[in-house]
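Visitor: I'm new here and would like to learn how to read a model like this. Could you show it to me?

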Amino acid sequence: MTALSFDDLRACLQDAFSAQEKAVADWHQREPSFASEMPAGETPEEFQELILRQHWSNFRLWHVEDRARRKDAGSELIAECKYAIDKLNQERNDLIERLDLYLVRAFDPLLPAAPQGARARHNTETIGVALDRGSILALKTYHMQEQAERAGVAADFVAECSRKLAVLTEQRADLCESVLDLVEDYSAGLKRPKVYY
């Protein structure tokens, strides 16, 4: 595994949030092409590919759920969507675990020694789960932006969508800052990453 510093990992995580946002817009124009083989997750470049693969799972999940919510959706379409949703959720969760595995391995050699006798403190969620939430927020933001820019709709609809867009944008920025704050806690020895499989 490539040795990284805390600064490298901070930059890598900021890049992940930026890549999610850019990918949503790009993928509405054309689907991504990934190598057929899943990357090992040993380098920052492979980590970034894992980020995008996990985000692609959420992207497809979003659009399958949209199909299932159609008013004219029959039982056959609902069953097809349910199967796809289950499969995509499993893929999504598997990729979150791969993201966390990479991060735990990357942070491990950098962590200061825990004070003797002190209880290790952990966050309520892993960074991989936070990146998943960032992915979903990127999708919500993109689609709310579409609604806020719709032509031919009432002004109060546009105003409400614009208000919601501002909240989503703030929420996503705060999430990114919270992830970077958690990295600071790791570097100061205040918290330690931990994953459960």
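Visitor: What follows α5, and what is its phi?

Guide: Helices here are DSSP runs (H or I, at least four residues), numbered from the N terminus. Right after α5 comes G189, with a positive phi near 80 degrees. By the way, this is a predicted model, where local features need pLDDT of at least 70, side-chain atom pairs count only at pLDDT 80 or more, and totals for chains, interfaces and linings use all residues. Residues are numbered from 1 along each chain as its sequence is written, and side-chain values use heavy atoms, leaving out hydrogens and water.

Visitor: How many Å should α5 span?

Guide: The expected span is 1.5 Å times one less than the number of residues. Helix α5 (residues 155-187) has 33 residues, so 48 Å is expected, and its end C-alpha atoms are indeed 48 Å apart.

Visitor: Which residues of α5 are buried?

Guide: Buried means under 20% relative accessible area, exposed over 50%, and partly exposed in between (1.4 Å probe, protein chains only). In α5 the buried ones include C161, L165, R172 and Y186. The buried residues of α5 pack against α1 (6-27), α3 (75-107) and α4 (127-148), where contact means heavy atoms within 4.5 Å.

Visitor: Where is Q90, and how exposed is Q90?

Guide: Q90 sits in helix α3 and is partly exposed, at a relative accessible area of 47%. Its C-alpha atom is 9.3 Å from that of S57, though the two are 33 residues apart along the chain.

Definitions and conventions. Helix = DSSP H or I, 4+ residues; strand = E, 2+ residues; numbered from the N terminus.
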